[in-house]
Structure formats: structure tokens, C-alpha cells
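Visitor: I am new to this structure. Could you walk me through it with short questions and answers?

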Amino acid sequence: MTAVYKSITASSSKGTPANGIPVKKNKQRVLILSSRGVTFRQRHLLNDLYVLLPHSRKDAKLDTKTKLYQLNELADLYNCNNVMFFEARKGKDLYIWMSKAPNGPTVKFHMQNLHTTSELHFPGNCLRGSRPILSFDATFNSAPHLILIKELLTRIFGVPKGARKTKPFVDHVMGFTLADGKIWIRCFEIRETAVSKSEARTQSMEDTGKEVVAVGEKGETKINLIEIGPRFLLTPIVILESSFGGPVIYENKEFVSPNQIRSELRLSKAGRYNQRAEQQIERKAKKGDLGLRTGKERPNGELEDRVLFA
């Protein structure tokens, strides 16, 4: 009976704290997958995000790009309540769909300036399976759609405590900065080193910039932020009310499609070519009027020899 009583009290103490109010457990799982046509850099970025998110599940490539509502069924099949879908187009453009399955909302981003961990060659490193600290810019609280994007990013990139494959350590920071209507995402390692007495004196006299001196039980330690990677840039395009469907509740009017940019560049090049072609036609017409073109006779004037001595 003693063993039964101990097991019952232990299970009840885990679910309810001392005040008797049950604690709601944060259960988040992310399904990560891509469409067909992704490049090797985009595939390596997907693997980097899968390593950084121990509560994620990676699936095979999705064959369709139009029937995205099938992702809700996949998320339900794998017991995931968040979906991150990489959509590649024309081997150049990459779009990311982030959704809260099965009820939404859904945010579509355009990814630019992506750099994987392997190509950056940063000296930083973090423990695999550790939990990150999410640092958001204060600008995220300035507009309703930014608050919604912040909450969705928190649900996806915030690793819950006690999730699968997680370790009880916090040794890296993910920074989300909003600038020029774009979200800049970078990852840093929290490196803590011991500080000698001479360094502690100099740091108390001078400003150390990004370095922070924290006083612990065993003495003073110096905390530095060293970038790990990956880094990329997200531009929000639209926000849908439900998961991969429903009415549009926000649309970025300032977003310009990369297809439109490429078409304008082609039209500008075509305009320069058409201008050169018109100049050549005008030059040939002037030469023809002056009789300077070969194969064409110049008209007889009044002062020509053949007219004067005819």
C-alpha cells in the first residue's frame, strides 16, 4: 500500500502544483517538408532547421503544389499541430508556408538571402537537442498582423519543455528582427567563459559592447554571443484565416513578386534592343536617301555630267 500511495501522490504532484491549479502542458510538434524542385542549398537549410528543432518531424517531398490542404491530413497522421512547408518554384524562388493545423492561421513568406550552417563556417556550436531562447524585436508589438506572426513563430521555433529528443539545456539564442518590412532570423551560441581578475577590472572600467559579465556562485563569468547559422530573410506575403485556405485577412501590398522583377528586367533589355534596331533602320534610310548604300543608284541631279552634256 505504501508503494501505491507514493505512486499516486507522485503522479498527482506532477500534474498539479501546490496551489491545486493544474498546469497546462505545452505540446507542440512541427511537421517539416518540401515540394519537389528544391535546390541543394534549400535542402541543406531544411536539414539545419530540422536539427535545431528537436520537436519537429521531417517527411518526404509533397508531389502537389496546388492541393495544400492535404498537409492538414499529414499533420494529423503524424500527430503534429504545426506545419512548415517549403515551396520551390522555377529552381530560383523559395516560399515558406507556416500554419497552425488544423484550424489556422496560415502565413506565407518569401525567403531570401539564405545561408546554411555548413557554408558560413562560423566557430560557434550548440548542443543537439537543446532548447533556444527566442528574442523578438519590439516592432512585433506595433501591428496586429505582426503580433500574429510573432505568436506563430513562437509556436514553431519555441521548443517546449520535455519534448521528444530534447535535452535540459539552453545554450543558443534565435533572434527575430524586423527591418524594411522583412524578418531577419539569425542563431547565436551562448558561450560562457571564466574571467580573470585583470579582465574583470578592465571590463569594469571600459564598455564591453556585446559582452556581459554575470556573477555566479563560483565567480565571474563572461557571456558572449557567437553566431552559428543558419541565417535567412523572410518577407510576409499573405495571412490566411484557416490552415492552408480560407479568406485572406492580411496582404502585403508592398511585396513585389520575383517573376515580375525578372519580367521587368527582360523588358528593359528588350527596350534597349528595340532602340538599337530603330537606329539601324533610320541609318539605313538616310544612307539610301544619299545614295551611299551599295546596290542602289542615286537619283540624277541637275548638275550631273550625264544631264549637262547629254
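Guide: Start with a definition: two strands pair if DSSP finds at least two bridges between them. The model is a predicted one. Strand β7 and strand β8 (residues 182-194) meet that rule, with eight bridges between them.

Visitor: In which sense do β7 and β8 run?

Guide: Eight bridges join the two strands. One of the partnerships sets Ala 179 against Lys 182 in β8. The sense of β7 and β8 is antiparallel.

Visitor: Which residue in the hairpin of β7 and β8 takes a positive phi?

Guide: Two residues lie between the strands of this hairpin. A phi near 60° is found there. The residue is Asp 180.

Visitor: How many of the ten residues of β7 are buried?

Guide: Strand β7 covers residues 170-179. Buried means under 20% relative accessible area. The strand is largely enclosed by the rest of the structure, because the buried residues number seven of the ten.

Visitor: How many bridges join β6 to β7?

Guide: Strand β6 spans residues 131-136 and runs parallel to β7. Leu 134 has Met 174 in β7 as its bridge partner. The number of bridges joining β6 to β7 is six.

Visitor: Which hand does the β-α-β unit of β6, α5 and β7 have?

Guide: Helix α5 takes in residues 144-157. Together with β6 and β7 it makes a β-α-β unit. The unit is left-handed.

Visitor: Is β11 mostly covered or mostly uncovered?

Guide: Strand β11 has twelve residues. Nine of these are buried. So by that count, β11 is, like β7 with its seven of ten buried residues, mostly covered.

Visitor: How many bridges join β5 to β11?

Guide: These two strands run antiparallel. Within the pairing, His 115 stands opposite Arg 231 in β11. The bridges from β5 to β11 number eight.

Visitor: What is the bridge partner of Trp 184 in β11?

Guide: β8 also pairs with β11, in the antiparallel sense. Three bridges make up that pairing. In β11, the partner of Trp 184 is Leu 233.

Visitor: Which residue takes a positive phi in the hairpin of β11 and β12?

Guide: Strand β12 (residues 245-251) pairs with β11 in the antiparallel sense over four bridges. Ile 239 has Tyr 250 as its bridge partner in β12. The hairpin has two residues between the strands, and a phi near 55° belongs to Phe 244.

Visitor: What volume does the largest pocket have?

Guide: A general idea helps here. Rolling a probe the size of a water molecule over the atoms shows where empty space is left. For the largest pocket, the volume is about 260 Å³.

Visitor: Which residues of the lining are closest to the centre of the largest pocket?

Guide: The lining counts 18 residues. β5 (106-115), α5, β11 (231-242) and α7 (258-290) each supply at least two of the lining residues. Closest to the centre are Asp 180, Gly 181, Lys 182, Thr 235 and Asn 252.

Visitor: How many residues of that lining are charged?

Guide: By class, eight lining residues are nonpolar. Seven are polar. The charged residues number three.

Visitor: How many disulfides does the count come to?

Guide: A disulfide needs a pair of cysteine sulfur atoms within 2.5 Å. By this rule the count is zero. For Cys 126, the nearest cysteine sulfur is that of Cys 187, 5.8 Å away. Cys 126 is therefore not in a disulfide under the 2.5 Å rule, and the total is zero.

Visitor: Is Cys 187 buried or exposed?

Guide: The limit for buried is under 20% relative accessible area. Cys 187 has a value of 1%. Cys 187 is therefore buried.

Visitor: Is His 121 buried or exposed?

Guide: His 121 sits in the loop between α4 (117-120) and β6. Its phi is positive, about 60°, although it is not a glycine. Its relative accessible area is 65%, so His 121 is exposed.

Visitor: Which residue does a cis peptide bond join to Ala 101?

Guide: The omega of this bond is about 0°. The partner lies in the loop between β4 (93-100) and β5. The residue is Pro 102.

Note on methods:
Residues numbered from 1 in each chain as written. Predicted model: local features only at pLDDT ≥ 70, side-chain atom pairs only at ≥ 80, totals over all residues. Heavy atoms only, no water. Buried < 20%, exposed > 50% of the residue type's maximum accessible area, 1.4 Å probe, protein only. Right-handed = clockwise from strand over helix to strand, strands pointing away. 1 Å grid on protein atoms, 1.4 Å probe; cavity = no way out; pocket = protein on both sides within 12 Å on 5 of 7 lines; lining within 4 Å. Points joined across faces, edges and corners; volume = space filled by probe spheres on them. Nonpolar A, V, L, I, M, F, W, Y, C, P; charged D, E, K, R; others polar.
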